[in-house]
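Please open the model in your viewer and keep the sequence panel beside it. The stops below each begin with a selection to make and then describe what is found there.

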Amino acid sequence: MAFTDSARLKVDVMFHGIRYTDAMGRAATHAYPNFYPYRFEPDEANSTGQNKVAIPYLLKTVDGTLIRVQGNRKSHWSIEGDANTGFRLISDEADQDGVPIDFEGRPDWLSGETTDNYPMAQSGVSLHGDMAVVNVAPGCEYFLSKHDGVSMRCTFCAYGAPDQRTAHLGQVAGQVAVPEQTLSRMQETLQTAIAAGDIRHIYLVGGSLPDGGAEAERFLQVARAVRAVNTDRIPVTLGSGALPDHNLQQFFDEKLVENVCFNLEIWSEALFSKVCPGKNRFVGYDRWIESLERAVGLWGRGRVYTAMVAGIELEPEYGLSWEQAADLAIEGAEDLCARGIIPIYSLFWPVGQQHHPDYMHPLRNYFEKLNSACHEIRQRHDLQIWEGFMCHRCAYMQLECDIDRDPRSGNGHS
Ligand code: SF4
């Protein structure tokens, strides 16, 4: 299938990034802040006088398509304009006025405090467009385990062990329960963010624990705390690791979540054991898929998802061409969809190879082929990504929602 104009623009900006202009700096003053600053290279034109500067996190086109802002001095994309006249995304390769855009705004609560004078920005709530992400225990204990000299962390993961970086949330290695004070600060921040408007999804995530039952206990605690303040019943997704069956039943019976998304990350047991050694050891590949199937049995088709790290198979150590990697991933999508599980492909950014054409061209071929094929697979299995799980206003590193809402696909919605 052909991508929509929005999907084509999005994939191009995802792969090329955006080079710095003063307009990007102006946008940063009112935009939701990017986790990564723009870092100038020594010989790069730089009017800021600083080595690195804050930039916006997410830009939006007029139809609401959300695109992550990645700095890249070599990109043909740049930003012009200001808040009064409007911003535009300009390509050096097109003799046009560019595309009107806006940026995901910086909400007032991000500079606010809870009633016990704690910064809301550090309370474990963040936004991706219209999605609130709740993460009150980001430290992953897989980082603390080694077997035969191999770390049990997933190879791509930018989280870390519970340590001084998670101390502000009261997370300590070996302690399952989330401190009550952390939960109440999260609740107050989430309530404030919901009252500020435009939140249509809530996603519960966190680091993993080697004991799946303990991980379930922690997520049950967090889900109950979210449910207590989510009086509008905004749909909630359980984004833990694969959980034991009896714990899944608890989430279902207590009506704590509307969706489940246990991230398998990669198709095939051979790759899973290498990319996710901890998940493979502590849960197991077959058990992970069984748990997702169990969730389909409880919540139904269209409510169970699994996120995949799209493109990690192209890392040199796996020895796959982009065609082989795409064929394998498509085989996986076919299998998962036949079980009622919808895979969601988040683009993997190869550290060090970023923007290197020899690497990025095959990765883009892979990503586009995979997304086209998965659209067709979802249609054939009559699986729709539910708006209560994810939509084009929050999926910033994925294409599924942008492709599926294409009016030409017969499944369009704005
Ligand atoms: S289980 Fe999750 S948090 Fe832990 S290393 Fe893997 S991806 Fe990262």
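This is a predicted model, and the tour begins at a pair of strands: select β3, residues 58–61, together with β4, residues 66–68, which run antiparallel and are joined by three bridges. Within this pair, L58 has R68 of β4 as its bridge partner. Four residues lie between the two strands of this hairpin, and in the turn G64 takes a positive phi of about 90°.

Keep β3 selected and add β7, residues 99–103, which pairs with β3 in the antiparallel sense over three bridges. Here L59 is the residue to label, since F103 in β7 stands opposite L59.

Now extend the selection to the whole sheet, which is open, has five strands in the order β4-β3-β7-β6-β5, and is paired antiparallel. At its edges are β4 and β5, each of which pairs on one side only. If the view is turned along the strands, neighbouring ones are seen to be rotated by 40° against each other on average, with direction ignored. Add helix α1, residues 5–16, which lies across β3, β4, β5 and β7 and runs at about 10° to β4.

From β4, follow the chain into the loop that leads to β5 (77–82), and select K74 there. Is K74 buried or exposed? K74 counts as exposed, because the number of C-beta neighbours inside 10 Å is 11, and a residue with 12 or fewer falls in that class. A distance drawn from the C-alpha atom of K74 to that of D232 reads 45 Å, the two residues being 158 apart along the chain.

The next selection is a second open sheet, formed by seven strands in the order β8-β9-β12-β13-β14-β15-β16, with mixed pairing. Its edges are β8 (125–128) and β16 (342–347), and each has a single partner strand, so one side of each is left without a neighbour in the sheet. Averaged over the sheet, neighbouring strands are turned by 30° against each other, again with direction ignored.

Start at one edge of this sheet by selecting β8 and β9, residues 131–134, which pair in the antiparallel sense over four bridges. In this pair H128 stands opposite M131 of β9. The two strands form a hairpin with two residues between them, where G129 has a positive phi near 60°. Moving inward, add β12, residues 201–204, which runs parallel to β9 and is joined to β9 by four bridges; V133 stands opposite Y203 of β12.

Then go to the other edge and select β15, residues 304–310, with β16: these two pair in the parallel sense over six bridges, and T306 faces P343 of β16. Helix α10, residues 357–380, packs on the sheet here, touching β15 and β16, and its direction makes about 160° with that of β16.

Select helix α4, residues 212–229, next. Its 18 residues should span 26 Å at 1.5 Å a residue, and its end C-alpha atoms are 26 Å apart, which agrees. Colour E215, A216, R218, F219, V222, A223, A225 and V226, which are buried in this helix. To see what they pack against, show β9, α3 (180–196), β12, β13 (236–238) and α5 (245–253) as well.

Two loop residues deserve a look at their backbone. In the loop between α3 and β12, select D198, whose phi is near 75°, a positive value in a residue other than glycine. D198 counts as partly exposed, because 13 C-beta neighbours lie inside 10 Å. In the loop between α4 and β13, select R233, which also is not glycine and has a positive phi, near 55°. R233 counts as exposed, because 10 C-beta neighbours lie inside 10 Å.

The last stop is the ligand. Which residues are around the ligand? They are C140, Y142, R153, C154, C157, Y159, G207, S208, G278 and K279. Coloured by class, this shell shows five nonpolar, three polar and two charged residues.

Methods:
Residues numbered from 1 in each chain as written. Predicted model: local features only at pLDDT ≥ 70, side-chain atom pairs only at ≥ 80, totals over all residues. Near = placed C-beta within 6 Å. Nonpolar A, V, L, I, M, F, W, Y, C, P; charged D, E, K, R; others polar. Pairing = 2+ DSSP bridges. Buried ≥ 20, exposed ≤ 12 C-beta atoms within 10 Å, placed from the backbone. Axes fitted to C-alpha atoms, helices over the stretch in contact; angles between N-to-C directions. Contact = placed C-beta atoms within 7 Å. Expected span 1.5 Å × (residues − 1).
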